[in-house]
Each structure stands twice: as C-alpha cells, then as structure tokens.
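User: I would like to go through this structure with you. Could you take my questions one at a time?

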Amino acid sequence: MRQFFIIYFFLVALILTVFGFRGCKSDNTPIEVFPDMDRQAKFHEQGKTSFFDNKRMDQEPVAGTVPFVTEEQKVYPHLSPDNRFRENDYLVSGRLDAETFGDGIPVEVTWESMKQGQEIFKIYCSMCHGESGNGKGVVANERYEYNTIASLLQTRLIDLPDGEIFNTITNGKNTMGPYGTKIRVEDRWKVLMYVRALQRAATSSIDDVPAENRGELGL
Ligand code: HEC
C-alpha cells in the first residue's frame with residue numbers, strides 16, 4: 001500500500017510538471033538546468049572593454065580590408081547585392097535596350113588594359129576555358145568531368161556582339177556562373193578585350209601581322 005502511494009504521488013507530480021502549467025505566463029526568471037550559451041562573455045557593439053587600448057569593443061577594420069560594399073558598388077548600384085541591373089547603361093549592361101546587345105568596347109583599349117585583361121582571364125576563366133580559350137582548361141578533363149565548357153574560339157562567339165559576351169561574363173550562362181560581383185566592370189571589358197585577342201590569334205595568319213612586327217613573334 002505504501003508503495004502504491006509513493007508511485008501515485010510521483011505520477012501526480014510528473015503529470016503536473018509536464019502538463020500542469022502549460023500556457024501559464026510567469027515573470028520569474030526561468031530555472032536554468034543547462035544554461036548552455038544563454039549568457040556568455042562577448043563583445044557588444046558600442047560596448048566598453050579594457051582589452052583594447054582605445055577601450056572600445058568595436059574596432060576599425062584592419063588596414064587593407066576589402067569592404068563589402070565597395071566604392072564601385074556605390075557608383076554602379078547593380079553590383080550591390082540588393083540592387084537590380086540598370087538596363088540602359090551600356091557600360092554596366094552591354095545592352096542598348098532591354099532586347100538588344102551592343103557592339104563596341106566602352107573603355108579605352110590600350111596595351112596596358114589588354115595585359116590586365118589577360119591577367120584576369122588567367123585568374124578567373126582559364127581553369128575552365130583554357131589559357132588559349134579553347135574550352136579545355138584543367139577542369140575539363142576525365143577527373144573533373146566538367147564537359148559543357150564552351151570554346152571561346154568558335155565562330156558563333158566570334159560573331160557575337162561585344163555586349164552579349166560582356167553580359168555572359170557579368171551574369172553567367174547556363175552552367176557558367178556569374179562574375180559581375182567578382183570582377184569590376186571596367187575589368188570585365190578588359191577580359192572581353194583579351195577574349196577578342198585570343199579569337200583573333202586563333203583565326204588569323206602571319207599575313208595579318210604587319211611586316212615590321214613579324215620579328216617580335218620570334219618565328
Ligand atoms: C567554372 C567554369 C567556367 C569559368 C571559370 C568560366 N566559364 Fe565561361 N563558360 C563555362 C561553361 C560551362 C560555358 C557554356 C555555358 C552553356 O552551357 O551555354 C561557358 C560559356 C562561356 C561563353 C559563351 C556564352 C555563349 O553565349 O554561349 C563565354 C563568352 C564565356 N563562357 C566567357 C567566360 C569568361 C570571359 C570567363 C572569365 C571571366 C569565364 N567564361 C569563366 C564555364 C566557365
């Protein structure tokens with residue numbers, strides 16, 4: 001009988017603790033059996049600390065930190081994550097209007113910018129498209145099996161307006177990712193410049209090189 005009362009008592013206590021106060025509101029601090037990370041020593045914005053010499057919890061960014069919203073994103077808001085494309089600006093869209101891509105490079109074509117284009121192409125494009133642009137970069141082999149990569153030297157792309165290729169670099173196409181947030185707008189035109197140079201190199205003959213420059217080719 002005694003046992004029965006003990007079990008009965010615990011059962012009532014259990015039912016009460018589990019179901020008894022459901023929905024009840026209380027202003028009391030909850031009992032913390034496992035406080036886990038409810039309270040922890042951490043820095044709050046605008047807080048004070050003796051850890052740093054200037055006694056501030058929030059510190060200036062380290063010199064050379066790349067800002068999330070760059071100066072360029074202020075000038076070209078479409079590059080900022082929460083802004084849409086500005087359709088009518090040829091420099092940033094490669095488009096003349098919503099439907100038509102334009103032809104022509106809106107930044108100055110110089111030897112310097114061409115070399116920058118080459119550098120950026122090697123960093124961002126060559127692992128897929130290959131250093132010569134033939135679509136056979138290192139990831140296009142049996143091991144990585146990335147085999148949808150386009151050759152940039154095909155006639156269709158040679159004939160494509162500059163703006164459309166610029167748009168592909170900015171926004172990507174099918175299985176190619178976008179580079180609009182990774183490569184600055186002028187630099188994307190420089191990459192395009194270099195793509196044009198690769199196409200030219202792949203389709204031209206020695207007759208295209210002026211006689212006085214042929215010596216520079218080391219042939
Ligand atoms: C991760 C691999 C990869 C990288 C890096 C890459 N591409 Fe591509 N690119 C592709 C693939 C795959 C396609 C074919 C997309 C398709 O299916 O139409 C393609 C297609 C293209 C096309 C043809 C688009 C068309 O109209 O058919 C151009 C131009 C191009 N890429 C330029 C570039 C340039 C310039 C860069 C460097 C900024 C670059 N790509 C970086 C994978 C890549």
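**The metal site and the charged pairs**

Analyst: I shall begin with the metal: the 6 donor atoms around the iron atom of the ligand subtend angles of 86 to 179 degrees, so the arrangement is octahedral. Please note that this is a predicted model.

User: Which residues coordinate the iron atom of the ligand?

Analyst: His 129 coordinates the iron atom of the ligand through NE2, and Met 176 does so through SD, at 1.9 to 2.1 Å. The pair links distant parts of the chain, 47 residues apart. His 129 lies in helix H5 (residues 126–129), while Met 176 is in the loop between H7 and H8.

User: Is His 129 buried or exposed?

Analyst: His 129 counts as buried, because its relative accessibility is 11% and the cut-off for buried is under 20%.

User: And how does Met 176 count?

Analyst: Met 176 has a relative accessibility of 26%, so it counts as partly exposed.

User: Changing topic: how many salt bridges does the structure hold?

Analyst: There are 4 salt bridges in the structure. One of them joins Arg 196 to Asp 162, with the closest N and O atoms 2.8 Å apart.

User: Where in the chain are Arg 196 and Asp 162?

Analyst: Arg 196 belongs to helix H8 (residues 185–203) and Asp 162 to helix H7 (residues 162–171). They are 34 residues apart, and the pair links distant parts of the chain. Both residues, Arg 196 and Asp 162, are buried.

User: What about Lys 190 and Asp 187?

Analyst: Their side chains meet in a salt bridge, at 3.4 Å from N to O. Lys 190 and Asp 187 are 3 residues apart in helix H8, which means that about one helical turn separates them. Lys 190 and Asp 187 are buried.

User: Which residue does Arg 200 form a salt bridge with?

Analyst: Arg 200 forms a salt bridge with Asp 208, and the closest N and O atoms are 3.9 Å apart. Arg 200 is exposed, because its relative accessible area is 52% and exposed means over 50%. Asp 208, at 41% relative accessibility, counts as partly exposed.

User: One last residue: where is Thr 110 found?

Analyst: Thr 110 is in the loop between helix H3 (90–93) and helix H4 (111–124). With a relative accessibility of 29%, Thr 110 counts as partly exposed.

User: How far apart are Thr 110 and Met 193?

Analyst: Thr 110 and Met 193 are 83 residues apart in sequence, and their C-alpha atoms are 9.7 Å apart in space.

Note on methods
Residues are numbered from 1 along each chain as its sequence is written. This is a predicted model: local features need pLDDT of at least 70, side-chain atom pairs count only at pLDDT 80 or more; totals for chains, interfaces and linings use all residues. Side-chain values use heavy atoms; hydrogens and water are left out. Helices (H or I, at least four residues) and strands (E, at least two) are DSSP runs, numbered from the N terminus. Buried means under 20% relative accessible area, exposed over 50%, partly exposed in between (1.4 Å probe, protein chains only). Donors are N, O and S atoms within 2.8 Å of the metal (3.2 Å for Na, K and Ca); water is not among the atoms, so sites may look incomplete. Four donors count as tetrahedral if all angles lie between 85 and 135 degrees; four count as square planar and six as octahedral if opposite donors are over 155 degrees apart and all others between 65 and 115; anything else is irregular.
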